[in-house]
There are 2 protein chains.
Amino acid sequence: MSRKHRSSTAALRRPRAPVFAALGDEVRLSLIAKLCAGQPYSISQLTEGSRLTRQAITKHLRVLESVGIVHSVHRGRESLFEFDPKPVEETRKYLDLVSEQWDQALSRLKSFVED
Amino acid sequence: MSRKHRSSTAALRRPRAPVFAALGDEVRLSLIAKLCAGQPYSISQLTEGSRLTRQAITKHLRVLESVGIVHSVHRGRESLFEFDPKPVEETRKYLDLVSEQWDQALSRLKSFVED
DNA sequence: TTAATATGCAACCCGGAGGTTGCCTAAATG
DNA sequence: CATTTAGGCAACCTCCGGGTTGCATATTAA
């Protein structure tokens, strides 16, 4: 087994549910959509245009922060949030493995039928 | 914009949170792990080896079914659950777009700095 | 210094998610 | 037919997620 493949299965074993759970909310997905465009935003800026309270947005940001999807830096009186690509990337690889397993299962089934 | 890219952004707009939420549970991820190996399983079989009740497992399966990750076929007195790769695949593409947006933002920043 | 702005913290509310138990029905098995 | 096995349905419980309001604090602006 190659090193690359081994690290993939290690990533498979690590608990993924929290990241998925953090992604499982439309408000948080729209926050990610804004932040992954590159520019950091303050809480007030992220609250603008939303029907939710600043505190609600803050809670969502903390959820994203708790799984590493965003991180915050404090500048003056405001805290700026910035996207971090690593967790999303690892999650994408995880889904890759699921699809890959399924495809391999289909291949085995196909070659079995052909025999 | 190519047709392919247009359909990608359409997939981006469709609500993704329910699928992520369905994936946001370790029990359901382990069910997926078993089912994406190719073979269909009955509820009793999926309950075996788990510390949870059959009804708890059933509820989790219904959650996965509600977002299309699995589907059930009835055979005799048992209902067999089988993995369906489409939602996972679309979710993977969604995460691709997020990563892609981030990478493009980095590229723009880099070329801006270089100017 | 005073006022406005940005945020943090805590209490509270409500609904739903995850889990269990109990009972009931349908199918396979003897 | 009697029994076992697979599953559906419903009630119930507990806890937490999402949201709000109210107030306190720190920084910036006038």
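Which residue forms a salt bridge with B:Asp96, and how far apart are the closest N and O atoms? In this predicted model, the partner is A:Arg92, and the closest N and O atoms of the pair sit 3.2 Å apart. That pairing belongs to a short list, as two salt bridges turn up across the interface of chain B and chain A. Polar contacts add to the picture: seven residue pairs across the interface are in polar contact, with both residues at pLDDT 80 or more.

Looking at the chain B side that touches chain A, the elements giving two or more residues are helix H2 (17–23), helix H3 (26–35), strand S3 (78–83) and helix H6 (85–114) of chain B. H6(B) is the top contributor here, with 14 residues. Sorted by class, this side of chain B holds 20 nonpolar, five polar and eight charged residues.

Now for the size of the contact. Interface size is often quoted as the accessible area that is lost when the parts come together. By that yardstick, chain B and chain A bury about 2600 Å² between them, and 69% of this is on carbon and sulfur atoms. Three residues stand out: B:Arg92, B:Leu95 and B:Trp102 supply 23% of the area that chain B buries against chain A, more than any other three residues. In terms of head count, the contact draws 33 residues from chain B and 33 residues from chain A.

Next comes DNA strand C. It is surrounded by 22 residues, and the closest are A:Ser44, A:Arg62, B:Thr53, B:Lys59 and B:His60. Of the strand C atoms within 4 Å of the protein, 58% belong to sugar or phosphate, with the rest in bases. Some of the phosphate contacts can be spelled out. A polar side-chain atom of B:Thr53 lies 2.3 Å from a phosphate oxygen of strand C, and A:Arg62 places a polar side-chain atom 2.6 Å from a phosphate oxygen of that strand. A:Ser79 uses its backbone instead, with an N or O atom 3.3 Å from a phosphate oxygen of DNA strand C. The elements giving two or more residues to the surface near DNA strand C are helix H4 (43–47), helix H5 (54–66) and strand S3 (78–83) of chain A, together with helix H5 (54–66) of chain B. By class, that surface has three nonpolar, ten polar and nine charged residues.

DNA strand D also has 22 residues around it, and here the closest are A:Thr53, A:Lys59, A:His60, B:Ser44 and B:Arg62. For strand D, 64% of the atoms within 4 Å of the protein belong to sugar or phosphate. An N or O atom in the side chain of B:Ser44 comes 2.4 Å from a phosphate oxygen of strand D. Bases are involved too: polar side-chain atoms lie 2.7 Å from a base oxygen of strand D for B:Arg77, and 3.0 Å from a base oxygen for B:Arg54. The surface near strand D takes two or more residues from each of H5 of chain A and helix H4 (43–47), H5 and S3 of chain B.

Finally, a residue inside chain B. B:Ile69 is found in the loop between H5 and strand S2 (70–75) of chain B. It counts as buried because its relative accessible area is 0%, under the 20% cut-off. Leaving out residues up to four places away in sequence, B:Ile69 touches several side by side in the fold, including B:Val19, B:Leu23, B:Ile32, B:Leu64, B:Phe83 and B:Pro87. B:Asp84 is also touched, and its C-alpha atom is 5.1 Å from that of B:Ile69, although the two are 15 residues apart along the chain.

Conventions. Residues are numbered from 1 along each chain as its sequence is written. Chains are lettered from A and ligands numbered from 1 in the order in which they are written. This is a predicted model: local features need pLDDT of at least 70, side-chain atom pairs count only at pLDDT 80 or more; totals for chains, interfaces and linings use all residues. Side-chain values use heavy atoms; hydrogens and water are left out. Contact means heavy atoms within 4.5 Å. Buried area is the accessible area (1.4 Å probe) that two parts lose on being put together, summed over both. A salt bridge is a side-chain nitrogen of Lys or Arg within 4 Å of a carboxyl oxygen of Asp or Glu. A polar contact is a pair of N or O atoms within 3.5 Å; within protein, one must be able to donate a hydrogen and the other to accept it, and residues adjacent in sequence count only if both atoms are side-chain atoms. Helices (H or I, at least four residues) and strands (E, at least two) are DSSP runs, numbered from the N terminus. Ala, Val, Leu, Ile, Met, Phe, Trp, Tyr, Cys and Pro count as nonpolar, Asp, Glu, Lys and Arg as charged, and the others, Gly among them, as polar. A residue is near a molecule or strand if one of its heavy atoms lies within 4 Å of it. Buried means under 20% relative accessible area, exposed over 50%, partly exposed in between (1.4 Å probe, protein chains only).
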